[in-house]
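Here are some exercises with worked solutions. Have a go at each task before you read on.

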Amino acid sequence: MNALSGKAAIVGIGATDFSKNSGRSELRLAAEAVTAALDDAGLSPDDVDGLTTFTMDTNTETAVARAVGIPNLKFFSRIHYGGGAACATIQQAAMAVATGVADVVVAYRAFNERSGARFGQVASHLAQAPTSSGIDAGWSYPHGLGTPASFVAMVARRYMHVYGVTSEDFGRIAVADRKHAANNPAAFFHGKPITLEDHQNSRWIAEPLHLLDCCQESDGGIALVVTSVDRARDLAKPAAVVTAAAQGSGADQYIMTSYYRDAMTGLPEMGLVGDQLWAQSGLTPSDIQTAVLYDHFTPYVLMQLEELGFCERGEAKDFIGDGAIELGGRLPLNTHGGQLGEAYIHGMNGIAEAVRQIRGTSVNQVQDVENVLVTAGTGVPTSGLVLSAPRQASRPRTR
């Protein structure tokens, strides 16, 4: 195990409601989520001395501190690459706690992504920006590749061609997510499961992606409180120990789709993250009872299963068969409903669900959970976590 493993833990989770029109500012959403997370942890704003978030978040650390009543900050950090930052915000917080730079760090993400700036729309100005990102986008946008769905569709089509994957295989991810969301009162699609026929009949967004292959656009906020394992023992609720945390950017990396790689049938940056998680934790895929895999688009969930070692290349379509990824299966995925079913909060709500699974409080609770794997945005430089129950985190591990 590395020096970070087992030193820090998530001790508080907080969320706003998830909607399509929050009716309040992004700063208010962030403040509500941070306050709720501190209340959940049994801590006060005076205890907080660090904040982490995304470069895409519009709420500065100082503004959040003022809104919540946090008097002083000794640590603040932002992570780039959109949804790829989610797990890295916890990694940064854990590193600060483990090294003594800060004592209590809150990671937050809040946006009005449906009623405000919608990520799924064509933003032609990005291809004209006088930046390296503008240059990159300048090669793809003129060809009609101007939305995340269009980027992913090209990779999905190649993946289908090479491995014999079908649209129905993608649909099984959506069906499982919505089945879990249907049982989650916090989910936007609570009480609204779908069938595979519903998935197949939903309109095309960018072939081969149907509407129900694509995540929601949501308004809302999430916050998570990180402190030391020692301090966590004195708090009221069970902690989720950070057993492993990693970031990854692969060779010839671009954003959403790395067009110039020799192969376009995988996510090597996620493979790099997975290798680090297993090495840091001493665990293997067989030690994971449930996982939260970033599901902004269904094809990338299948590819993640392969990159992370749950199955071989091209075998994810078979791995997910027979209810394997539903509650009661061998690897339940996204038990909160995921970003397809609960809400799209850039993956931070998935980390909160992992904490609930460790605590035993999920609405779709998996039995005897000791370790949960969580991933962040795919197709971009990304990150991942293994969270564990304290009793499991204290045991020696061998590979």
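**Exercise 1.** Is aspartate 322 buried or exposed?

*Solution.* Before starting, note that this is a predicted model, in which local features need pLDDT of at least 70, side-chain atom pairs count only at pLDDT 80 or more, and totals for chains, interfaces and linings use all residues. Residues are numbered from 1 along each chain as its sequence is written, and side-chain values use heavy atoms, with hydrogens and water left out.

Step 1: get the cut-offs straight. Buried means under 20% relative accessible area, exposed over 50%, and partly exposed in between (1.4 Å probe, protein chains only).

Step 2: apply them. Aspartate 322 has a relative accessible area of 89%, so it is exposed.

Step 3: place the residue. Aspartate 322 sits in the loop between α11 (316-319) and α12; helices (H or I, at least four residues) and strands (E, at least two) are DSSP runs, numbered from the N terminus.

Step 4: check the backbone. The phi of aspartate 322 is near 60 degrees, a positive value in a residue other than glycine.

**Exercise 2.** Work out where histidine 346 lies and what its phi looks like.

*Solution.* Step 1: find the loop between α12 and α13, which holds histidine 346.

Step 2: read the backbone angle. Histidine 346 has a positive phi of about 55 degrees, though it is not a glycine.

Step 3: classify the residue. With a relative accessible area of 2%, histidine 346 is buried.

Step 4: look at another residue of that loop. Alanine 343 is also found between α12 (338-341) and α13, and it counts as buried because its relative accessibility is 0%. Its C-alpha is 8.9 Å from that of alanine 186, with the two positions 157 residues apart in sequence numbering.

**Exercise 3.** Describe helix α13 and how much of it is covered.

*Solution.* Step 1: check the length. Helix α13 (residues 348-359) has twelve residues and reaches 17 Å from its first C-alpha to its last. That is close to the 16 Å expected at 1.5 Å a residue, where the expected span is 1.5 Å times one less than the number of residues.

Step 2: look at burial. Eleven of the twelve residues of α13 are buried, leaving the helix mostly covered. Among them are Met348, Glu353, Gln357 and Arg359.

Step 3: see what follows. Glycine 360, just after α13, takes a positive phi of about 85 degrees.

**Exercise 4.** Which residues pair up in salt bridges, and how many salt bridges are there?

*Solution.* Step 1: recall the idea. Side chains of opposite charge can pair when their charged atoms come close.

Step 2: set the rule and count. A salt bridge is a side-chain nitrogen of Lys or Arg within 4 Å of a carboxyl oxygen of Asp or Glu, and the count comes to 19.

Step 3: take a pair that links distant parts of the chain. Aspartate 40 and lysine 237 meet in a salt bridge at 2.5 Å, N to O. Aspartate 40 is in helix α1 (residues 26-41), while lysine 237 is in the loop between α8 (229-232) and β8 (240-248), 197 residues apart. At 14% relative accessibility aspartate 40 counts as buried, whereas lysine 237, at 37%, is partly exposed.

Step 4: try two others. Arginine 24 and aspartate 17 have their closest N and O atoms 2.4 Å apart; arginine 24 is buried at 17% and aspartate 17 partly exposed at 41%. For arginine 261 and glutamate 269 the gap is 2.9 Å, and both residues are buried.

Step 5: look for shared partners. Asp17, Arg24, Arg28 and Glu32 are joined into one network.

**Exercise 5.** What lines the largest cavity?

*Solution.* Step 1: define the search. On a 1 Å grid over the protein atoms alone, a cavity is a set of points where a 1.4 Å probe fits but cannot get out, and lining residues have an atom within 4 Å of a point. A volume is the space filled by probe spheres set on the points, which are joined across faces, edges and corners.

Step 2: take the size. One cavity of 30 Å³ or more is present, and the largest has a volume of about 50 Å³.

Step 3: list the lining. It includes Val292, Tyr294, Asp295, His336 and Gly350.

Conventions
On a 1 Å grid over the protein atoms alone, a cavity is a set of points where a 1.4 Å probe fits but cannot get out, and a pocket is an open set with protein on both sides within 12 Å along at least five of seven lines; lining residues have an atom within 4 Å of a point.
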